[in-house]
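Visitor: I would like to learn how to read a model of this kind, one feature at a time. Could you take me through it slowly?

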There are 2 protein chains.
Amino acid sequence: MSTHYERVMEMYREVSDLYGALALMGWDQETYMPPKGAASRGRQLATLSGMAHERITSDEMRAALDSARSESLAADEEVNIREIARSSDRAVKVPVDLVKSIAETSSAAIGVWIKARQEDDFPAFAPWIDKLVTLQRQVAEAVGYEDEPYDALLDEYEPYATTKDTAAVFESIRGPLVDLVQRIASSGVRPRTDFLERNYPIDDQRRMGVTAAERMGFDFEAGRLDISPHPFCTHMGVQDVRLTTRYSETLPMQSFYGVIHEAGHGLYEQGHDPVHEGTPRGASVSLGIHESQSRLWENMVGRSRAFWRFFFPEFAAVFPDQAADVSEEEVYAAVNEVKPSLIRVEADEITYNLHILLRFEIERGLFMNEFRAGDLSAVWNEKMKAFLGIEPPGDRDGVLQDIHWSHGSFGYFPTYTLGNLYAAQFYRAAERDLPGLSDQIARGELLPLRDWLRDHIHRPGMTHRAGDLVRHVTGEPLTADCFLAYIDGKYRSLYRL
Amino acid sequence: MSTHYERVMEMYREVSDLYGALALMGWDQETYMPPKGAASRGRQLATLSGMAHERITSDEMRAALDSARSESLAADEEVNIREIARSSDRAVKVPVDLVKSIAETSSAAIGVWIKARQEDDFPAFAPWIDKLVTLQRQVAEAVGYEDEPYDALLDEYEPYATTKDTAAVFESIRGPLVDLVQRIASSGVRPRTDFLERNYPIDDQRRMGVTAAERMGFDFEAGRLDISPHPFCTHMGVQDVRLTTRYSETLPMQSFYGVIHEAGHGLYEQGHDPVHEGTPRGASVSLGIHESQSRLWENMVGRSRAFWRFFFPEFAAVFPDQAADVSEEEVYAAVNEVKPSLIRVEADEITYNLHILLRFEIERGLFMNEFRAGDLSAVWNEKMKAFLGIEPPGDRDGVLQDIHWSHGSFGYFPTYTLGNLYAAQFYRAAERDLPGLSDQIARGELLPLRDWLRDHIHRPGMTHRAGDLVRHVTGEPLTADCFLAYIDGKYRSLYRL
């Protein structure tokens, strides 16, 4: 006779296989699907999502989860029950009609957003933000929250995090970052970047990115790299992890760091314990922790002085003409140029976080009724001025730049900066555990770091909640100190502050 | 209140969306899936197939189908109920354990077959054929049949066809084909083929294939062409139809006719009535009818004198060096070279059918207990000698050449020759309805033929059973006469018989 636990897992295996199929369908949609395939793909995605929803909320699943809780469970089993119950609870609480309503509204909103952005016409889009905020507020009410509705939304992407804690840590970096950006601006130091505007053929860019990802230990027998307009990493299994990037002949570093970033996500997915494949115990903790893995590789490793010691000859070998008059030091400085700019996805590793803080404050304010969507253009520009000292010439490069709100996604943005903060904490712990890490990187030996991340972060899966994981690995709770120390050290020397 | 018919269709829509997902998973497995992804993909395919099976055999589906039969239905609705009931009946009859047993045995058999083929060791594989025949015999007993067990297997691929009728029509072509091949051999005429052994870069081959498929009216906004070891056509929707081919730099005509062949299949899928998408009314009739569409384009059109009138300049433009000393007439003769050969997939349009007849007779004999798998090497070689006058030097190029039997697929091969016979019948009807068809083809105007096929064969979907469709379109039942007349006319002049 099987236990209730086994019955839960048997049912969940079907959910997980549906997720695998859905991941492939989503990947294909962004990479190879012919344009006219969109309608049937949309229908199939909806049907399979519905089947997964049915299974995770079924009476049988609910009863088995309840009964399993009173069984004597091993630690790994407890993790699975805790997290499957969490997903099930949330799915049960949000009415199916509300989910459908959000899907339909968002589907229409995306079209409006695309047009509004093209025509720089925020007033056309603003009412749709209000509609989606109203719907997401209903989600928050249905899900429940401790202090404020935004808690329930954040919780979707960063489970167990609270708005209050997130706000506190964000506030602790705002001042220092604004200050640092100003000091950099007035330092008078300007890295040379002309050589990055040369022509870099796409095949060669691809080769360089693959070389870096292979060095990181990304297994191309258990993964791929393709092209999509919006880069991402997805997985259909621990041995089937897919990265995408985009290429522009005159932006070699966009694809290069894009690939390193996505490969960082990919290593997390490839690093899960195969024994626990398809269960929460073998899955990632949160978007913030996921982002810590991509940012750690992209910034702490890939934008380090040590990295360019080993990688500059590779770069010069792939691009002998473009790099003919460039030094190792100049590449290092160029890829770390700090400059206030309007577009989040093009921002450097310091100002990026100010873009996120701005969005977090706006989202929180919307759900606190501090302002309505109609005010957002003014609020946005005011905050840009305060944080970065610049203002967009139009909403296209301001409040209209991101797709997230048209998706009805509120609570997603903060995970990007949480990722940066976690990354700095994890990296410091890795430096502690791996003496000579920087020398290893300078020799191109990236596997010890990959293995450390695997042991401490990837393999445990969802064993620990995000906050517990960082405490477990670093001995400290979430804090901005490591990140601030990291950028202070790095940019002090780069900009001779 | 919805009718029982509506309830059936509502449930079937889910089945159909699962099929769409399964088709994508199968396509990806052959094209882009990283090698280590196989295990999780296998599990996901099994889970989703199981869900489709559950739905089509559920008590609710069975009851709704039963009740729908007594409703007053429109003609299209009757087609849907007839064909969904057919699938449901078959799925209900075959025990799930038997399906599983076949999947497991076949999964092991494929490995044995690969090794046996490499080592030219048929005795190692023979017991697995016996095992799979025993299992498929159980399928036949479960499904039921009129005259002989093979009926039930053939019916899986060519619904409503019988072994007896198929055997009769096959027997009517065996003598004439054996005779024609001999007359061609003794004609002394040998087309020049040296220029096809030159180097044809793969990018250019691709371009040439795409040009032909576009001319045929294949819509690349609603489809793709990729590379896979075994070429195929699959679809995730009427607007998402995917072809694959394989390339060898010294076999330009393999990929060229491969693409035309798959695009012929693709046009059938793109030609279904979008109103009926995802229902039997909007689906293909049988493998034989499907193959008629690919063979008609590949052979009757693509290997015609008229086709090369328009396409020779394209060929010479893409391959100016390789075609420098070649005439239009020489290309036409080369792509129609008839020569007994050992490997089915490399055979010309005449001898191909003798390869099929041989397999059909062997399969039927196995299920009639005329011989056992252990005898097959001898039986194979004897038939090769009788049909084509040649014998394989080893089983690798004989009885071990095809993967089908290791899949447990018996009853599939005959659909290839049925396709050739149907194709000739349809093509004669098209010539009757489209005066000047050959002149149109010579001018590269292929859309009138595409549209005729669409109107008469693609749009009706499963309205007619295969036998009825050919009668409806051509005025005659399945017959070999058209095919024999077609090849007689064509090869008489090519080989000056």
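Visitor: Let me begin with a single pair of side chains: in what kind of interaction do the side chains of A:Asp17 and B:Arg43 meet?

Guide: Please keep in mind that this is a predicted model. In it, the side chains of A:Asp17 and B:Arg43 meet in a salt bridge, with 3.4 Å from N to O.

Visitor: How many salt bridges are there between chain A and chain B, and how many residue pairs are in polar contact?

Guide: The count of salt bridges between chain A and chain B is eight, while 16 residue pairs, both partners at pLDDT 80 or more, are in polar contact across the two chains. On the side of chain A that touches chain B, at least two residues each come from the helices α1 (4-31) and α2 (38-57) and from the strands β1 (223-227), β2 (233-237) and β3 (240-245). By residue type, that side of chain A divides into 14 nonpolar, eight polar and 14 charged residues.

Visitor: How should I express the size of such an interface, and how much area do chain A and chain B bury between them?

Guide: The size of an interface is often given as the accessible area that is lost when the parts come together. Here chain A and chain B bury about 3,100 Å² between them, and 54% of this lies on carbon and sulfur atoms. Within chain A, the residues that lose the most area to chain B are A:Asp17, A:Tyr32 and A:Lys36, which together account for 20% of what that side buries. As for the residues in contact, 36 come from chain A and 36 from chain B.

Visitor: Turning to the strands, in what order do they lie in the sheet of chain B?

Guide: In general, strands of a sheet pair through backbone hydrogen bonds, either parallel or antiparallel. In chain B, three strands form an open sheet in the order β1-β3-β2, and the pairing is mixed. Its edge strands are β1 (223-227) and β2 (233-237) of chain B, each of which pairs on one side only, and the twist from one strand to the next averages 20°. The parallel pairing is that of β1(B) with β3 (residues 240-245) of chain B, over five bridges, and B:Ile227 stands opposite B:Thr245 in β3(B). Helix α10 (residues 252-270) of chain B packs on this sheet, where it touches β1, β2 and β3 of chain B, and its direction makes about 165° with that of β3(B).

Visitor: And in chain A, do β2(A) and β3(A) run parallel or antiparallel?

Guide: The strands β2(A) and β3(A) run antiparallel and are joined by four bridges, with A:Gly237 standing opposite A:Asp240 in β3(A). They belong to an open sheet of three strands with the order β1-β3-β2 (chain A) and mixed pairing. Helix α10 (residues 252-270) of chain A lies across β1, β2 and β3 of chain A, running at about 165° to β3(A).

Visitor: Finally, how do I read a contact within one chain, and which residues does B:Glu71 touch?

Guide: One can set the separation along the sequence beside the distance in space. B:Glu71, found in the loop between α3 (59-69) and α4 (75-93) of chain B, is 68 residues from B:Thr3 in sequence but 8.2 Å from it in space, C-alpha to C-alpha. Leaving aside residues up to four places away in sequence, B:Glu71 touches B:Thr3, B:His4 and B:Tyr5, and its side chain reaches the backbone nitrogen of B:Tyr5 at 3.0 Å.

Notes:
Residues numbered from 1 in each chain as written. Chains lettered and ligands numbered in written order. Predicted model: local features only at pLDDT ≥ 70, side-chain atom pairs only at ≥ 80, totals over all residues. Heavy atoms only, no water. Contact = heavy atoms within 4.5 Å. Buried area = accessible area lost by both parts, 1.4 Å probe. Salt bridge = Lys/Arg side-chain N within 4 Å of Asp/Glu carboxyl O. Polar contact = N/O pair within 3.5 Å; in protein donor to acceptor, adjacent residues only side chain to side chain. Nonpolar A, V, L, I, M, F, W, Y, C, P; charged D, E, K, R; others polar. Pairing = 2+ DSSP bridges. Axes fitted to C-alpha atoms, helices over the stretch in contact; angles between N-to-C directions.
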